[in-house]
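The following exercises ask the student to read a protein model step by step. Each task is followed by a worked solution.

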Amino acid sequence: GVTARVKPAAGRSDIGAYEFDTDALTCSLAAAPLADFGPLASVTFTSTVSGVNLDGLYYWWDFGTNGTVEVEGSAQAFFTTNLGYGFFSVGLTVSNSVGEVVSFARANYVEVAARTAYVARAGWNTHTYPYATWATAASNIQAAIDAGWNGAVVNVTNGAYTQGRQIAIREPIAVRSINGAGVTTIDGGNAGYRGLELDHPSAVVDGFTVTRCSASMYGPAVHFVSGGQMLNCVVAGNSGGPYHRMIWVEAGGYMRNCVVRDNVIHRFAGVGGPATLENCLVTRNSSNYGGDTASSNEACAVTGVLAYNCVFVDNTNLLQTAVLVPDIEASTVHYSMCPQTNTAWAASGVSNLTNRPVFVNTASNDFRFRFDSPGINVGTNLAWTLAPGAVDLSGYPRIVRYRVDMGPYEFIPPEKGTIVTIR
């Protein structure tokens with residue numbers, strides 16, 4: 001190098017114009033854990049110092065790298081301290097007895113997050129990191145997700161949430177509405193972006209309506225990248241232009257107690273990809289692929305799924321009026337309902353029905369079964385349906401009698417009593 005240092009006896013010189021001075025004082029730092037839940041987290045900091053002269057070492061530690069020294073002394077090569085909520089940049093400065101001084105810093109190195117974060121659009125919340133109370137709740141969902149990490153829960157209260165971009169969950173974080181999909185909406189505003197992206201096997205979205213998402217891409221409503229769970233949700237009124245798969249599943253996804261309805265896309269207007277659907281309803285979705293011939297038949301509801309206790313009905317292809325298009329393609333379906341008049345049953349499975357379901361009132365989007373619907377008490381009892389506290393999309397108990405119903409809603413029979421008629 002240009003500093004005319006002697007090449008190390010071991011052999012090879014360094015790359016670049018300067019030879020590394022192994023005699024000079026150097027330092028670095030490490031911390032454990034790098035992320036934890038607050039309000040206070042115990043974090044241990046450790047320094048590593050090297051050089052020829054290691055006598056008289058003195059340490060200055062700066063949390064925030066703002067020039068304010070929080071910990072210093074000759075005995076502070078390592079120590080443990082409590083940190084409150086926040087992202088912490090950490091700086092270390094070390095000096096020795098001959099006057100050498102060296103510094104090292106790591107930006108945004110340690111995070112102390114809230115185990116539970118809150119989101120509200122009420123106006124009284126202050127949107128203050130880490131959104132650990134309702135009073136300091138975030139005003140948008142993504143901010144609360146970004147403030148969490150492994151195992152965090154984000155609670156969202158009533159409202160329509162729009163934020164100009166997709167909501168992405170890329171860590172094992174559960175995002176749950178407080179009062180359900182009927183009053184908690186992720187609203188794309190038909191502004192050309194996707195609603196949700198789940199990119200972790202333990203990412204969870206529970207209790208939302210996803211609507212008016214209109215991205216010109218695969219999966220304009222929901223994109224399962226590497227797994228994830230969608231529970232008790234309604235995906236309705238979305239569009240995707242010339243693309244495929246309203247809900248796009250790449251490497252696994254799980255949907256339970258969900259309704260997918262009234263979406264329009266070029267091909268596969270429901271769910272496409274290796275997803276597992278349990279007690280879901282896929283209805284009134286429309287695709288516009290192919291021509292009006294049997295040879296160009298394309299499924300307009302789902303493809304490549306594994307389904308239990310589901311209902312597939314009244315999905316259409318806007319370009320195919322002379323032939324019956326299949327609701328289902330290349331799927332395995334058990335204990336589910338898909339009417340004969342609306343499907344080619346391009347699926348395998350057992351104990352399926354071709355009867356039409358009888359809903360309470362489809363005109364008002366009330367897809368609960370009427371008392372005479374053939375889907376009552378004919379599903380298969382899955383493990384979660386037998387678990388204490390299991391509920392349907394409306395929050396009513398699952399398995400009112402001896403077998404679970406098909407679809408996202410359990411039929412609740414009227415309470416018995418005395419009827420008195422006065423003439």
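**Exercise 1.** Identify which residues make the nonpolar surface patch of about 270 Å².

*Solution.* The patch is made by Y85, F87 and Y129. A patch takes residues with over 30% relative accessible area and no salt bridge, joining nonpolar side chains (Val, Leu, Ile, Met, Phe, Trp, Tyr) within 5 Å and like charges within 9 Å. A salt bridge is a side-chain nitrogen of Lys or Arg within 4 Å of a carboxyl oxygen of Asp or Glu. Areas come from the Shrake-Rupley method with a 1.4 Å probe.

The model is predicted: local features need pLDDT of at least 70 and side-chain atom pairs 80 or more, while totals for chains, interfaces and linings use all residues. Residues are numbered from 1 along each chain, and side-chain values use heavy atoms, without hydrogens and water.

**Exercise 2.** Determine where F87 lies and how enclosed its strand is.

*Solution.* First, F87 belongs to strand β7, residues 86-95 (strands are DSSP runs of E, at least two residues, numbered from the N terminus). Next, F87 is partly exposed, at 42% relative accessible area (buried is under 20%, exposed over 50%, partly exposed in between). Finally, eight of the ten residues of β7 are buried, so this strand is largely enclosed by the rest of the structure.

**Exercise 3.** Find the strands that pair with β7.

*Solution.* Pairing requires at least two DSSP bridges. Strand β4 (residues 58-63) pairs antiparallel with β7 over six bridges, and Y58 has S95 as its bridge partner. Strand β8 (residues 101-113) also runs antiparallel to β7, joined by nine bridges; here S95 stands opposite V101. In the β7-β8 hairpin, five residues lie between the strands, and G99 has a positive phi near 90°.

Terms used
Helix = DSSP H or I, 4+ residues; strand = E, 2+ residues; numbered from the N terminus. Buried < 20%, exposed > 50% of the residue type's maximum accessible area, 1.4 Å probe, protein only.
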